[in-house]
Each structure stands twice: as C-alpha cells, then as structure tokens.
Amino acid sequence: MNRLPFNLWFILLAAILIAWAFSLTSNQQPTNQVAYTTFLNEIDQGRVAKIAVDGRQLNVTRREDSDQYVTYAPSPIDTTTIREWGDKKIQVEIAAPRRDNPLLGFLIPLLLIGLLVAIFFFFSRNRGPSGDNAFSFTKSRAKVLTEAPKTNFKDVAGCEEAKEELKEIVEFLKAPARFHEMGARIPKGVLLVGPPGSGKTHIARAVAGEAKVPFIAASGSDFVEMFVGVGAARVRDLFETAKRHAPCIIFIDEIDAVGRRRGGGVGGGNDEREQTLNQLLVELDGFEKETSIIIMAATNRPDVLDPALLRPGRFDRQVAIDAPDVKGREQILKIHAKGKPLAEDVDLALLAKRTPGFVGADLENLLNEAALLAARDSRKKITMKDLEEAADRVIMGPAKKSMVITQKDREVTAYHEAGHALAAHFLEHADNVHKVTIVPRGRAMGFMMPSRQDTLHWSKKRLTDQIAVALAGRAAEELVFDDVTTGAENDFRQATDLARRMITEWGMHPDFGTVAYQVREDTYLGGYDTRQYSEDTAKRIDEAVQKLLKEQHDKVLHLLTEKRDVLERVTQALLERETLNAEEFVRVVEGEALESLEPPSEPPKDKEEKEPPRIVPKIKPNLGGA
Ligand code: ADP
Ligand code: ZN
C-alpha cells in the first residue's frame, strides 16, 4: 500500500516537471569549449576543416583528427569573414535561422504548471461512476468485506440492551424492501458510544454478520489529511463503494477524528477537517430513501462531536457499549476461552470478579497471554495460575488502554454511589433510583441514574432534594472513611449550580424574593450569564448558597447515619454485582439477602469468599516482555 502522503507525491511530481521544463528552454551546454583566440590560431595554422555557424556559436571540426569543439565569436560572423575562411579551404555551414521566441522560455513552464494544477483538480474532484481513481490517495482506505462477516450476536457477550436495540437494524438489512414498502424511516446512522476495546467494532461486525450483508470499515483518522479536499474525496469514495454493495453497513471507527465540533468561525477553523465533515453530512443527507445502507460509527467522546452530526436523519441513534460488569466479563471470557484447553481448576466466574475495569479487548488479551504462558512451559492446559499471571501482565503491561480499578477504588465508589442511591430512595421529593452501578463510564467511576419523570416544572422541594442527592455521595464517604476523595467534584458543581440558580433565577429563596438576578443569554457562542446585581448582593448570594448546601449536606449525612445498615447492604451488593437495576436495588434496601437475587451464573462456590483476593499490581519492574 502506497502510504506516502498525497501532498508529498504532488510536490515531487511538480519538482520533476518544473526541472524538466527549464532544461527544455535552456541551451544544451557544449561539451568541449575552446578559447576564441585558440580558434583564431588554429585557423591561421590551417588546422580547421569545417565551421558550422549557429549565431555566435561556432562548431569547429579539426582537419587532422576530425575532433570537434565549440567556441563563441565576439560578434555575429559577417560575410567577409566567411569569405576569408572559404579562401582558406574551410568548409562553412550556416545553421537555419531559429524561430527563437523569447516568450517561449516563459510559456512552457507556465503551461506545465497549469497542467499540474489541472491534474490535481482532476484527481481530487474525480467522481467517476465507479469511484475508481487511477491514484489511491483520494480512495478511502476502507476495508471492504464483500462477504458478510462470520461474527454474529452469539459472539458478543454482555451488551444485551445494545443487541436488543440493534436487532431492528438487522431486520431492516435482511429485508429492506419490506420496510420501504411501509414507508418506514429507518435510522441511517447509529452511534456506538463506549470506551476503547469495549467491543464497538465487534458488535457492528456482528450486526453485519447477523444480517448477512457486507461490512465496510473505515477509521475517522483515515480521512484526516493535510491537504484540503482529500479527506472529502475519501468520504465520497467510501459512500460510492457502499452504494455498490448495498444493502451493507458502513462502519466508521473513531468518528471524533473527523466529527469534532467545528470552530464557530472564530479564530479560523481547520479547512480540511471542516470540508471532510461537511462532505460526511452531505453524504448522510444524500441517500435516497431506497438506499439500504446503515452507517455505524464509534466514539468514546460523544461530547466533542459536532451537533450537526447528531441531528435527526443523521446519527440520531446512540447505543451505549459500556465496559462490561462482572456477569458480562464472565461471558466474554467464556466466548474467548473456546478452543483453548482449560485445566480443571479454572474458574472463569472468579476470574471475572477479579478483573474489574477490564473491557472485552483486555479479557481476550488476558486469555491469549495465559495460553502463551502455558505453551512456553510446554503444558497441555491453561491453569488458573496462568490466567492470574496473565491478568497481572495485562494490568502492568503498557498496552493497557482502559482504566484498571483497585479494590480500594471500588469500595470508595461503591459507598459513594450507594450514598447517592439511598438519598434518592429515601428522600421524599427526590427521583427514585433507576440504576446504580460501579462500572466506570467515561470519566465517572460509577453512577446512579435516577428515573426522571419528565416534568416541565421543577418544584422547590424536588430541587432541594436533588441537591441533597448530589451531596450524598461525599456524605457516605465521610461517614465510612476517615478521609474523602476527589470523586465528588462533579456532584458539587451540580449541587452548587442548582442552589445558585434557585436563588438567582427561580426566586426560591425567601431572602431574595422573586428577582431575576442573573440572566442566561443563549447566543451562537454558547450561553453565558450576565450578572445584574451589586457586589453586596453577590456576597449575600454566596452566603445563601453555602448555607443551603450545608443544610442539605447535613440532612443526608443524618439520613445515611440512620440508615447505615442499608448503606452497607447496598454497598456489598454493588461490590458483588457491580450493577443493580431499580428492582434489585429496592430488594436489597428492603433487606432481602443477596443470595436470593438471581446468581450471576453459578452459585458462588465458597461463601467465605465475600472478598476475593484481588490482583494488586505488584511494585516490580514490568515483566510484560520477559
Ligand atoms: P472497540 O471497537 O470498542 O475499540 P473492539 O470491537 O475492537 O473494541 O474489541 C476488540 C476485541 O475485543 C474484539 O475483537 C473482540 O474479540 C473482543 N471483545 C470486545 N468486547 C467483546 C464482547 N462484548 N464480547 C466478545 N468479545 C468482545
Ligand atoms: Zn457522586
């Protein structure tokens, strides 16, 4: 594959052509030049046989050895001189007059440069019906699998919700005509959101495999080039290719490489990237209704994407592919353990428990490392010891992409999230718990998702409890540990923002009345606040915010102290299960024993082992390569 960047090729080509042009217009250098005086001497001595006159250039042939040389006359040769030479029996030839045009020396390079520009435009704009270009630089680097991939949903463990959501797409790709006849609008763009290695590519391929359609994969970074127009041309090519293979799936990995929010015309944008993104938008919009192409794109930073990409009719469907929880990890291990001989003592459920924070790619890697270890010792089977050693390596190894969580981190996170969840559950006006998890997502170590009722109006009581819920994570940490962590930064921001707005925007504080102290301006540059109050009021607002936050903090701290036993139960359940849905959470709160919950896979073997031994990274030099 020709990986020299396009612009380098272009410069090289230009240099060669220009050099050639100049060599054309300049005179060839004579090979053998002799001084004019020497030439005069030779004439006097009768050694010259022949002179070919070409303007002031004289090509001279000697009499004795027919040697040739060149010399230059100080002035054009006149007829008298020629007659003199004739008298000396020198043969004189006069070259045909040259149609020398001084413009020509200019024109030829100019024409060539014009030609170059034309060639460039031809290749960057080329949209032949087949999309086939003679050069590969405007071709997308997409990998086209014309046959449907062998992967299917059975090969994807965990991510049940994601699979459920993607089933509709599979149905559509299997029989697009059925959907078109009904006039149904199928989402064209699906955005898979999740950390690296969590299986976004894997699940996209499985969708193609299930539907038995071609899978055309490209990466966002393929479209990022220095040269304006190339990325856009590649996008065009990608879609041309897809149209030839429809129904099919286009998969664009790392879409944030091209899809980043465009600079709002401030400070000058990146022209190339903007053109590429625009082209992508054009292609997304440009599908005719009958086209049966689904575009799936992957990112772990949906927040940096250009809002235009997420509009209806584009990537309007988002599917979360999170890091797997303990159950998911066990299933992934099972899938990748197929075809690997495991010893009797291997307990994949236990291994899953010991690998919090591992994503699918890590687990696959872990099994492979273990197989390598066993093979190196010429053993026939992979033992639990190999697997543990391999887990160590994956943690220690430099290739580790995702977050690895220590047991201490897990505990802190579990108490913290349990705190949020308890506050949400017990406070009268707070939204109930929808889901609580200690599986990290984005930059959050875990999260509690409330079941939001969509109301247009938020009451003061609900907002106040909302603040309390936000502060409950830290409160739980305070209660349990004699130290606190940085994990509550976002909670504080949220609580403070709510408190401040209750006072300054929503007139919810008796001391401040119903005055709009702060006006939120929404402009094309984003929102900003304009302050409409005095320094004195500012001070009073700050104090009121502090007081409100303190009250709510004390309220939840009191609540959690009272419900300490529930806090412990929920925390233990979280450490065990990593994720609790609404129903499971309520059951734990109401004191149902953990064992009565549906066990993750097989019942835990030994009950003493509440806290399985963790793999704690040892402080030792990295032996990954040894
Ligand atoms: P991403 O695209 O999210 O970075 P990949 O799809 O490339 O991650 O995942 C890398 C590998 O990890 C896949 O080839 C697959 O073998 C394995 N893997 C990841 N997630 C899963 C999963 N849920 N089930 C089975 N294998 C998985
Ligand atoms: Zn929190």
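Gln407 is a handy place to start: at 16% relative accessibility, this residue counts as buried, because the cut-off for buried is under 20%. Gln407 lies in helix 15, a helix that spans residues 407-426. Its C-alpha atom is separated by 8.7 Å from that of Pro356, although the two residues are 51 apart along the chain. Keep in mind that everything here comes from a predicted model.

Stay on helix 15 and you come to Glu417. UniProt, in an unreviewed entry, places the feature "active site" at this residue. Glu417 has a relative accessible area of 6%, so it is buried. Which residues are in contact with Glu417, leaving aside its neighbours within four places in sequence? They are Val436, Thr437, Ile438, Gly446, Phe447, Met448 and Leu574. Of these, Val436 and Leu574 will come up again, as both are listed among the residues with the most contacts inside the largest nonpolar core.

Now for the metal. The zinc ion (ligand 2) takes its protein donors from His416 (NE2), His420 (NE2) and Asp491, the last of which is listed with two OD donors. These donor atoms lie 2.0 to 2.8 Å from the zinc ion. Along the chain, the donors follow the spacing H-x3-H-x70-D. His420 in helix 15 and Asp491 in helix 17 (residues 489-504) are 71 residues apart, and this pair links distant parts of the chain. Both His420 and Asp491 are buried.

Why is the arrangement around the zinc ion (ligand 2) irregular? The four donor atoms subtend angles of 51 to 144 degrees, whereas a tetrahedral label would need all angles to lie between 85 and 135 degrees. If you want a reference point, the ideal angle for four tetrahedral donors is 109.5 degrees. One caveat about the site is that water is not among the atoms, so it may look incomplete.

Next, the packing. The largest nonpolar core has 33 residues, and those with the most contacts inside it are Leu427, Val436, Val570, Leu574 and Phe585. Helix 15 gives the most to this core, with eight residues. Strand 11 (433-437), helix 16 (460-480), helix 18 (535-562), helix 19 (564-577) and helix 20 (582-589) each supply at least two residues as well. To see some of this in detail, pick Val570: beyond its neighbours within four places in sequence, it is in contact with Ala418, Leu422, Leu580, Phe585, Val588 and Val589. There is also a second, separate core of 28 residues, which includes Val190, Val207, Val213 and Ala217.

Zooming out, the protein comes to 20 helices and 15 strands. Buried residues make up 42% of its 626 residues. If you count contacts between residues at least 6 apart in sequence, 71% of them join residues at least 24 apart. The protein exposes about 33,900 Å², with carbon and sulfur atoms supplying 54% of that area.

Finally, a couple of backbone details to check. Ser66 has a phi near 55 degrees, a positive value in a residue other than glycine. Ser66 is placed in the loop between strand 2 (57-62) and strand 3 (68-72). Cys159 also has a positive phi, near 40 degrees. Look for Cys159 in the loop between strand 5 (143-145) and helix 5 (160-174). At 22% relative accessibility, Cys159 counts as partly exposed.

Key
Residues are numbered from 1 along each chain as its sequence is written. Chains are lettered from A and ligands numbered from 1 in the order in which they are written. This is a predicted model: local features need pLDDT of at least 70, side-chain atom pairs count only at pLDDT 80 or more; totals for chains, interfaces and linings use all residues. Side-chain values use heavy atoms; hydrogens and water are left out. Donors are N, O and S atoms within 2.8 Å of the metal (3.2 Å for Na, K and Ca); water is not among the atoms, so sites may look incomplete. Four donors count as tetrahedral if all angles lie between 85 and 135 degrees; four count as square planar and six as octahedral if opposite donors are over 155 degrees apart and all others between 65 and 115; anything else is irregular. Helices (H or I, at least four residues) and strands (E, at least two) are DSSP runs, numbered from the N terminus. Buried means under 20% relative accessible area, exposed over 50%, partly exposed in between (1.4 Å probe, protein chains only). A nonpolar core is a set of buried Ala, Val, Leu, Ile, Met, Phe, Trp, Tyr and Cys residues joined through side-chain atoms within 4.5 Å. Contact means heavy atoms within 4.5 Å. UniProt positions are given in the numbering used here, feature names are shortened, and annotations may be inferred rather than shown by experiment. Accessible areas come from the Shrake-Rupley method with a 1.4 Å probe; for residues, only the protein chains shown count as cover.
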